[in-house]
Amino acid sequence: MPPETAAPVASPAGADRTDRAQARARAARRHQLLVHGTRVLLLVALIGLWEGLARAAVIDPFNFSMPSRIWHQMSQWALHGTPQGPLWEQVWYTLYEALLGWVIGVVGGVVLGIALGRIRFLADVLGPYIKVLNALPRIVLAPIFLIWFGLGPASKVASAVVLVFFPVFFNAFQGAREVDRNLVANSRILGASNRQVTLQVVIPSATSWIFTSLHVSFGFALIGAIVGEYIGATKGLGLLVSASQGTFNAAGVYAAMAILAVVALLAEGLLAFLERRLFRWKPADAGDGR
Amino acid sequence: MNSHTSPAIELRGTSKSFRTPSGALHTAVRDLDLVVGRGEFVAVVGPTGCGKSTTLTLVSGLEEPTEGEVLVAGEPVRGIGDKIGFVFQQDAVFPWRTVLSNVMAGPRFRGVPKAEARQRAREWLARVGLAAFEDRYPHQLSGGQRKRVALAATFVNDPELLLMDEPFSALDVQTRALMSDELLELWSGTGASVVFVTHDLEESIALADKVVVMTAGPATVKEVFAIDLPRPRKVESVRLEPRFIEIYREIWSSLGEEVRITRERGATDAA
């Protein structure tokens with residue numbers, strides 16, 4: 001999250017005013033520094049505590065590992081590769097499966113959500129089925145996909161799709177339902193056909209709803225891919241976790257987790273950037289889309 | 001029926017009822033008879049919530065009457081006509097489109113080529129004084145400027161019939177007077193017929209050729225007053241003329257009674 005505190009604008013009137021503005025800017029900077037400093041301290045303290053307790057054998061390093069071992073494991077993987085191949089390849093596999101599943105799930109969810117939101121008949125017919133499917137804990141489908149699609153990426157993509165589809169679908173549906181009635185009436189008066197209303201009024205106004213779900217759903221896509229890999233795969237971070245677990249390598253499990261967190265954060269950052277570009281028309285305070 | 005001689009709008013015994021969420025039948029408009037001549041500026045005044053806006057949605061084709069007939073240019077209304085412009089009370093500009101793109105929307109919906117639509121939109125933006133703002137988004141404009149965008153977006157379609165639903169009620173008093181003058185100026189060249197719904201009596205007298213007073217809801221026409229003030233008018237100065245005050249007093253004696261009825265009903269509802 002980039003700090004976006006607007007610096008107070010110094011007015012040309014009077015040195016007293018500018019003095020005050022400067023003082024306020026200084027105070028804001030100090031506050032920022034304090035927040036960041038405390039954050040770093042907290043992290044260092046936690047890691048130090050972990051390391052210290054593990055070295056003093058208060059907690060069992062075999063079960064809980066320790067930060068230095070985890071770091072060693074990560075650099076080991078990065079420099080000499082994992083048992084399944086180079087580290088970047090594992091990261092890429094997981095990302096590829098998650099991204100592909102995410103894109104398919106999002107497109108499917110948006111198209112169906114908008115369609116059901118616009119066409120009452122479809123919503124009435126399909127509504128109960130979608131509710132039933134949504135009630136199913138979808139992660140249990142992962143083993144079935146493994147049977148259907150094999151050990152390759154296809155089974156992971158499938159489990160990512162089923163996880164991503166529903167939140168996106170429900171948000172798109174809601175977004176299409178809650179379009180400002182005035183806007184629709186206005187566009188119809190201006191001469192828009194039904195198709196034009198859908199494409200040029202409903203979809204743009206549903207985008208903020210849809211984007212809200214995109215943030216959540218990318219996390220779901222990663223979960224789908226990882227769980228799929230964990231159950232059975234030839235490559236990927238999830239496989240790294242399960243292989244480390246199989247050899248009682250706790251440091252390996254934590255290392256894979258840390259790598260995953262970084263990957264997820266980077267993806268989230270990219271999404272936030274795209275969102276800012278897409279929502280330039282929104283006032284800054286409401287542009288968060290959440 | 002000849003469409004050249006028939007009035008712009010004719011309502012004959014029109015009624016409109018809605019089903020409220022609780023299931024009760026609510027009559028917004030009952031037995032309405034109203035004629036709007038071609039090129040005429042008609043203001044409709046009445047107590048708040050009496051069903052003035054419903055009348056407009058019936059004429060526009062957004063809603064169908066429960067009973068009676070609505071004729072536009074001698075033809076019964078079936079769906080939304082392409083000769084109609086509608087300015088809404090709330091902002092109805094597209095927030096994700098720039099000012100220029102907003103004004104282009106109407107012609108583009110109607111299949112006008114992009115270059116021509118852009119040129120027409122620019123002309124109207126210049127006429128409402130927003131030429132320098134064409135790349136802005138609506139949230140970067142003031143309320144008055146957004147209203148101007150809405151006016152330009154409506155006029156760019158060359159409507160023969162202009163329906164306005166309390167278009168300036170959300171604006172501050174000074175901006176409202178300014179917008180009224182601008183509306184008169186924009187309208188004077190077009191020959192369009194206007195139905196202007198408002199609850200502001202001063203505004204209606206300053207703008208219109210004819211003021212229609214509605215009863216407390218369910219709305220029907222109570223009285224029609226012809227406004228014989230000469231044109232062109234300036235809203236700020238016309239309201240100081242003795243004749244204006246005379247007309248105001250005359251209409252208020254009719255409208256005031258309906259406002260009182262509505263207020264008393266509100267009081268008993270609240271009790």
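Two strands pair if DSSP finds at least two bridges between them. I keep this criterion at hand for the sheet entries below, and I note that the model is predicted.

**Entry 1: a bridge in chain B.** I looked up the partner of Phe86(B) and found that its bridge leads to Leu163(B) in β7(B). I then counted the bridges between the two strands: four join β6(B) to β7(B), residues 161-165, and the strands run parallel.

**Entry 2: the sheet.** I traced the neighbours outward from this pair. Six strands of chain B form an open sheet with mixed pairing, in the order β6-β7-β8-β3-β9-β10. I recorded β6 and β10 (221-226) of chain B as the edge strands, since each pairs on one side only. I read an average twist of 15° from one strand to the next.

**Entry 3: the contact between the chains.** I listed the residues on both sides and obtained 20 from chain B and 15 from chain A. On the side of chain B that touches chain A, I found that β6 (84-87) and α2 (99-109) each supply at least two residues. The largest share of that side, three residues, comes from α2(B). I sorted the residues of the same side by character and noted 13 nonpolar, five polar and two charged.

**Entry 4: the largest nonpolar core.** I asked which of its 127 residues touch the most other members. These are Val103(B), Ala152(B), Val195(B) and Phe196(B). I also checked the source of the largest share of this core: helix α9 of chain A, residues 194-231, contributes 14 residues. As background, I recall that nonpolar side chains tend to be buried together in soluble globular proteins.

**Entry 5: Phe196(B).** I examined the contacts of this residue, leaving out residues up to four places away in sequence. Phe196(B) touches Phe41(B), Val42(B), Ala43(B) and Val44(B), and it also touches Met164(B), Ser204(B), Leu207(B) and Ala208(B). I note that Met164(B) falls within the residue range of β7(B), 161-165.

**Entry 6: chain A.** I counted 11 helices and zero strands in chain A. I compared its radius of gyration, 25 Å, with the 19 Å that the globule rule gives for 290 residues; the value is well over the rule, so chain A is more spread out than a compact globule. Along the principal axes, I found that its C-alpha atoms fill a box of roughly 75 × 75 × 30 Å. I noted that buried residues make up 32% of the 290 residues in chain A. Among the contacts in chain A with a separation of 6 or more, I found that residues 24 or more positions apart account for 70%.

Key:
Residues are numbered from 1 along each chain as its sequence is written. Chains are lettered from A and ligands numbered from 1 in the order in which they are written. This is a predicted model: local features need pLDDT of at least 70, side-chain atom pairs count only at pLDDT 80 or more; totals for chains, interfaces and linings use all residues. Two residues are in contact if their C-beta atoms, placed from the backbone, lie within 7 Å. Ala, Val, Leu, Ile, Met, Phe, Trp, Tyr, Cys and Pro count as nonpolar, Asp, Glu, Lys and Arg as charged, and the others, Gly among them, as polar. A nonpolar core is a set of buried Ala, Val, Leu, Ile, Met, Phe, Trp, Tyr and Cys residues joined through C-beta atoms within 7 Å. A residue is buried if 20 or more other C-beta atoms lie within 10 Å of its own, exposed if 12 or fewer, and partly exposed in between; C-beta atoms are placed from the backbone. The radius of gyration is taken over C-alpha atoms; the globule rule is 2.2 Å times the number of residues to the power 0.38. Axes are lines fitted to C-alpha atoms, for helices over the stretch in contact, and angles run from 0 to 180 degrees between N-to-C directions.
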